[in-house]
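Open the model in a viewer and keep the selection tool ready. The stops below are given in the order in which to select them.

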Amino acid sequence: MQTAIRAARHSLRYFRSVSNTAMDSGYQQANVVILPKHLADDFEDFCQKNPAPLPLLYRSQPGETSCPPLAKDADIRSDISQYCVYEEGRMVKTVSNLQSYVSQQRTGSEQQVDPGFWSNMVCFYQGCSFGFEGRLNEAGVPVRNVEQGKNVSMYRTAVPCVPAGAFSCPLVVTMRPIPAAMLDAVVEITHLNPLAHGAPIHIGDPAFLGIQDLSSPSYGDEVELQTGDVPVFWACGVTAIEAILSSKPPLAFSHSPGCMFLTDVPDSSTSTTKPSVSDGVDSAASDQDPEMIPLSFLVSHNPLMYSVASKRAVAIIRKLEKIIGEDPGQRGIEALFVQDELLRSCLALSHASSVAITTGFPTHFMHSPPDETDGPPGAIAMATMLLSLGKEVTLVMDKRDLEMNRAIVDEAVRKGVLKSTIPVVTFEDSGPDSALHFLCHNGDPSKPRYDHLVAIERTGRASDGNYYNMRGINIKHLVDPIDDLFIAAKKIPGIITTGIGDGGNELGMGKVREKVVDLMPKGSLIACDVPADFAITAGVSNWGGYAVACGLYLLHTCPSHHRYLKKGLGLTTPEHQLQDWAANLPTVDKEESILSTLMSFGIRSGKTGNLAMEVDGLTFHPTHSDIITRLLDVTGASPPTNA
């Protein structure tokens, strides 16, 4: 096959033809950028900071026209079928050969060949996504651009690359329509080919990347989706062309999109032999440990969004889900369990930027305050982790205990349980569009104020419009209509909802209403009728909040997920940030502290009504402390006990 590749280069060199070089060769193809040497260090730094679009295979020496690590007997001045020529940040023409390229200086009316021209130029060879199309075809995955006889679609996005020196530009991506049932296979195959841009950086609605119209690619051809296809996006080496345009070098060259340099190097997915590559290629992405292979998960239908996480992270989050599903109170909560609701909720929260959390179950209607100790600790645990991840967090509470909850938040901050103060607000029904105006700026559904709503141990509305505790007593007079926010969110694209509960009468548990009606005591009366996108069930709702915090930590320390979040750009996570995330996990000390704070405000255990260090009739030690310890052990993080 190497002989055939060399013959193809020879044909290009001596029998010029402009052609798309995508081919199922089993060998790496390369994007090429040729720059003046004074820009070379900046561009190499740019590649290292943006490894997904610009996986560097080889940087030449100034004036070097061959590239021994990649191809024998090569000449970069002639071995590409078409080149683009750039002057001062403008693409001025395409040419089929650079052998006789001359300077712009003239003597009289004659252009003069500059013998020192190439000694001032540096060539960069970068991996290309055509390198994995053959692997997809072998796996039975349709490659639509090949089927349709077109160049792949390439789009300029609104996602900025990490700048370096003279180079700053938006990310360019390729799009390939993939049947939804084949996404995991595609993610795995391309993950194992990091020098061909690796795994996808986005799956779903192109608007998340700032792409408004798939029918109008910035480069290449429109490739049509077939029924059942999902648009899948990979970082693209044409990003380098955008970098040239933005940096405005006096003279530069690149391959023409679709016309790559053919190398003698086997694809990285089929051989462990790799060329001498830049350190900029993400080492985590090239890790071929089976546990690190990513899986894809549907997170949202409207707008369409998938996310990814490694098999290892997924397995650990499933262990967390199993731990919180234990039922020492013997309430029969196992009957409501739906696998991966915790995982999918954590994935959605990981992508969120602004989260509203609500809690409060006034089951003790004969006491003041009537609230229970289940809910607020889990809410604060989630809020603490979300804040450490850079999310905006708001608490939405009943008006009757607004000031008390603000005081609880202040005390949590004072004790170091909560990272920083967060807004505590109320919602009241003041008209038919109240929920819309609360959730969206100026009531505009295209401008949501929050992108995720979480209810944890929040009393939920039953089918008759009332709110019931587990004893079947109506407590509607103590509850504000926060359910309306979850109902309205169903019609607002971009807002995802999660409900966490332990009995079926909590907000969001409407997703499993039929199970509640059939299997839980007084289920037909108390079952919440309002669903959430994800319904996390736990033996005690607080445990669900702790598990969400642990799951978010696991995702952000998962290389596959972190790469997907960052679109393959600037992948290194500073050590101090990792330490901060670990320090903001729930711990036995912190949760004991917040429970003590709740007691000081007269908040009681849910099942017994005791004003004691217990939740749902289970004492903090050993039951709750043991669950927290086990969750942390499974998570694999060891935050300071006094954090």
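Select Arg176 and Ser129 and show their side chains: a polar contact of 2.8 Å joins the two. The model is a predicted one, and this distance, like the others on the tour, is computed from it. Keep Arg176 and add Thr174, whose side chain makes a polar contact of 2.9 Å with the side chain of Arg176.

Now colour strand β9, residues 170–179, which is where Arg176 is found. Is Arg176 buried or exposed? Its relative accessibility is 2%, and the cut-off for buried is under 20%, so Arg176 counts as buried.

To see what surrounds Arg176, select its contacts beyond four places in sequence. Ser129, Phe130, Phe132 and Glu133 are among them, and so are Asn145 and Val152. The list also includes Val230, Pro231, Val232 and Trp234. For a C-alpha distance, pick Ser153: 23 residues separate Ser153 from Arg176 in sequence, and the two C-alpha atoms are 7.4 Å apart.

Next, go to the hairpin of β3 and β4. Select residues 83–87 for strand β3 and residues 90–95 for strand β4; the two run antiparallel and are joined by five bridges. Glu87 stands opposite Arg90 of β4. Two residues lie between the strands of this hairpin, and Glu88 has a positive phi near 50 degrees.

Then select two helices, α7 (residues 311–324) and α15 (residues 541–556). At what angle do α7 and α15 pack? The angle is about 175 degrees, with the axes 10 Å apart. Since angles over 145 degrees count as roughly antiparallel, α7 is roughly antiparallel to α15.

Show the side chains where these helices meet. From α7, take Ile316, Ile317, Leu320 and Ile324. From α15, take Trp543, Gly544, Ala547, Cys550, Gly551, Leu554 and Leu555. Of the residues in this contact of α7 with α15, nine are nonpolar, two are polar and none is charged.

Keep Leu555 displayed for the last stop, and select Ser350 in helix α8, residues 341–351. Which residues does Ser350 contact, leaving aside neighbours within four places in sequence? They are Lys391, Leu552, Leu555, His556, His561 and Leu565. Leu555 thus appears both in the contact of α15 with α7 and in the surroundings of Ser350. With a relative accessible area of 2%, Ser350 is buried.

Note on methods:
Residues are numbered from 1 along each chain as its sequence is written. This is a predicted model: local features need pLDDT of at least 70, side-chain atom pairs count only at pLDDT 80 or more; totals for chains, interfaces and linings use all residues. Side-chain values use heavy atoms; hydrogens and water are left out. Two strands pair if DSSP finds at least two bridges between them. Helices (H or I, at least four residues) and strands (E, at least two) are DSSP runs, numbered from the N terminus. Buried means under 20% relative accessible area, exposed over 50%, partly exposed in between (1.4 Å probe, protein chains only). Contact means heavy atoms within 4.5 Å. A polar contact is a pair of N or O atoms within 3.5 Å; within protein, one must be able to donate a hydrogen and the other to accept it, and residues adjacent in sequence count only if both atoms are side-chain atoms. Axes are lines fitted to C-alpha atoms, for helices over the stretch in contact, and angles run from 0 to 180 degrees between N-to-C directions. Angles under 35 degrees count as roughly parallel, over 145 as roughly antiparallel, 65 to 115 as roughly perpendicular and the rest as oblique. Ala, Val, Leu, Ile, Met, Phe, Trp, Tyr, Cys and Pro count as nonpolar, Asp, Glu, Lys and Arg as charged, and the others, Gly among them, as polar.
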